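Student: I would like to work through this protein with you, beginning in its interior and moving outward from there. Could you take my questions in turn?

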Amino acid sequence: MRARLAEAFPAARGAIDRYLAEIEAVCERSPYLSLKGGVDRSRDRGGIYGPSLRQVLDGLTGDARLKELLCHHAILYGVAPEEIPFARHACVVGPFYRSVYGLKGGGLSLVAAYDAALAEAGVKVFCGRGARAIEAGSAGGLRGVRLEDGEVLETRCCIATVHPRNFLEMAPEGLYRPALRRRLEDLGESQGAYLFYARCNGPLPQLEGRNLYLVPGPPVAGQGTDLLYLAAAAEGNGLVAVCPAPPEWTDPATGRTEGYARFKEEAEARVLSHIEAGCPELAGRLQMVASATPLTLRDYAHTPAGGLYGVKHMIGQYNPLPVTKVEGLYVAGQAVVAPGVLGAVLSAFLACGTILGHERLVEEVRGCA
C-alpha cells in the first residue's frame, strides 16, 4: 500500500510514511489489537479525546485528493472524518491495510462456527423468542431475563448485546440516573447505508483479493453519494455493494410506504448502471438479486435509526462500559469498543475478561498464536 500510494502521490511520500507510521503506532498501543500490554482501557483514551482523522491529515499534507482517498475508509465505521478520533480510525483501518481478509463461506460460516461451539458446550439457543426485560431481585442483584412470551430465564449473570437505546427499554428500573439515561438516549448514530447484492454470469477477477471504491457514488434517493464500495460475495460469482446514506434520505420513522418497493427497484437500477459505468467489463453481466435500506437495518439489526454500525464512536462521546451497577449484568456489542464484527468480538472479549479475568483470557489467546 505504501508503494502504491507513493507512486500515485510522489510529492507526498513523506506524509504517506508518517501517516502509515502513526497508524502502526496506534495499533501497537491498542489494548485490543496488541496483546503485548494486556487489556487496559486507560491506554485507549485517544479513542475519545482525539485528534480527529481530519485534523491529523490536515497536519500531514495539503494534497486534497490524497486526504479524500484516505478518508474513504470511513465507510468501515460510519463516522465523518472530522468526528472520528484518529486513534479509532487507525484501529479499524490498520488491520485492513495489512491485508484484505475474508471469511470462507461468508458471515454464515461464522454463525455456524459459533453454533457448533455453543452446542459442544451444552448451551441452549432460543431463536424467535425475543427478550423483553432484564429483571433485578429485591436485593439489587440480577434475577433473570423475561422473554416476550412471559417466561423468565433465571440467571445470576447476563451479557446484553443490544443497541443502547433498546437496552434502556429492557434494563431494570432505576439502573441509570436520569442524566446518564439521557446521555445514552442521545448517543450519536452511525451513518446508514443502502446494500445491494448482485450476481454475475461468470468469475469476477476484479474483486479477487481486493475491494473497489467507485468515486463519486451513484445517485440514490435523488442525490449523489461520495462513493460506492464493492466487495466479492462469499461464494459463487456475486458481489456486495454498499452505498452510504445520510439518515435524512430514508427516515426509519416513516416506515414502508406504498412507494417503498418502487423506490428500491429504482435504486437498484441506478446502482447497477453506476457499477457498469465504473467497471465496463461487467456491463451486461450483472443481475441484481436483492437490496436493503436503513429500514432493513432497523428491522433486522435492531438499530433504531437504521445506522449501519449502531451508535457512533466519536470525539467527546462516552459510549457504554461493559459493567453496570447491577451485579451480574454486563453489556457488549458494537457500541462498547468499536464497530463491525471485529468490534463486537472485541467487546465480548472485554466483557468476558471483566467476568473471568483479563489476564486469563489474554494468556489463552496468546497460547493460540
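Student: Which residues does Ile23 touch, not counting residues up to four places away in sequence?

Tutor: Bear in mind throughout that this is a predicted model. Once residues up to four places away in sequence are set aside, the partners of Ile23 are Phe86, His89, Ala90, Val93, Gly94 and Tyr97.

Student: Which residues have the most contacts inside the largest nonpolar core, and which elements give two or more residues to this core?

Tutor: The largest nonpolar core has 39 residues, and those with the most contacts inside it are Tyr19, Ile23 and Phe86. In soluble globular proteins, nonpolar side chains tend to be buried together. The elements that each give two or more residues to this core are helix H2 (13-29), helix H4 (53-60), helix H5 (64-71), helix H6 (86-98), strand S5 (192-200) and strand S9 (228-232).

Student: How many residues are in the second, separate core?

Tutor: Tyr32, Met170, Tyr176 and Val311 are included in this second core, which is separate from the one just described. Its number of residues is 24.

Student: Is Phe9 buried or exposed, and with which residues is Phe9 in contact once its neighbours within four places in sequence are left aside?

Tutor: Phe9 lies in the loop between H1 and H2. Its relative accessible area is 8%, and because buried means under 20%, Phe9 counts as buried. Between the C-alpha atoms of Phe9 and Ala348, which are 339 residues apart in sequence, there are 40 Å in space. Leaving aside neighbours within four places in sequence, the contacts of Phe9 are Ile16, Asp63, Arg65, Leu66 and Leu69.

Student: Why does Cys352 count as partly exposed, and with which residues is Cys352 in contact beyond its neighbours within four places in sequence?

Tutor: Cys352 has its place in helix H12, which covers residues 340-356. Its relative accessibility is 30%, and since partly exposed lies between the 20% limit for buried and the 50% limit for exposed, Cys352 is put in that middle class. Computed along the chain in residues, Cys352 and His72 are 280 apart, and their C-alpha atoms are separated by 33 Å. With neighbours within four places left aside, the contacts of Cys352 are Ile159, Gly357 and Leu361.

Student: Where is Leu118 placed, and with which residues is Leu118 in contact when its neighbours within four places in sequence are left aside?

Tutor: Leu118 belongs to helix H7, residues 107-120. At 31% relative accessibility, this residue counts as partly exposed. Apart from its neighbours within four places in sequence, Leu118 is in contact with Val123 and Val125.

Student: How many Å apart in space are Met1 and Arg98, C-alpha to C-alpha?

Tutor: Met1 is in the segment before helix H1 (2-8), and with a relative accessible area of 40% Met1 is partly exposed. Met1 and Arg98 are 97 residues apart in sequence, and their C-alpha to C-alpha distance is 8.3 Å.

Student: Which peptide bond is cis, and what is the value of phi at His302?

Tutor: The cis peptide bond runs from Val215 to Pro216, with omega near -5°, and Pro216 is found in the loop between strand S6 (212-214) and strand S7 (219-220). His302 has its place in the loop between helix H11 (294-300) and strand S12 (329-331). Its phi is positive although the residue is other than glycine, and the value is near 55°.

Student: What radius of gyration does the protein have, and why does this agree with a compact globule?

Tutor: The protein has 13 helices and twelve strands, and its C-alpha atoms fill a box of roughly 65 × 50 × 45 Å along the principal axes. Buried residues make up 45% of the 369 residues. Because a compact globule with 369 residues would have a radius of gyration near 21 Å, the value for the protein agrees with that expectation, at 22 Å.

Terms used:
Residues numbered from 1 in each chain as written. Predicted model: local features only at pLDDT ≥ 70, side-chain atom pairs only at ≥ 80, totals over all residues. Heavy atoms only, no water. Rg over C-alpha atoms; globule rule 2.2 N^0.38 Å. Buried < 20%, exposed > 50% of the residue type's maximum accessible area, 1.4 Å probe, protein only. Core = buried A, V, L, I, M, F, W, Y, C linked by side-chain atoms within 4.5 Å. Contact = heavy atoms within 4.5 Å.
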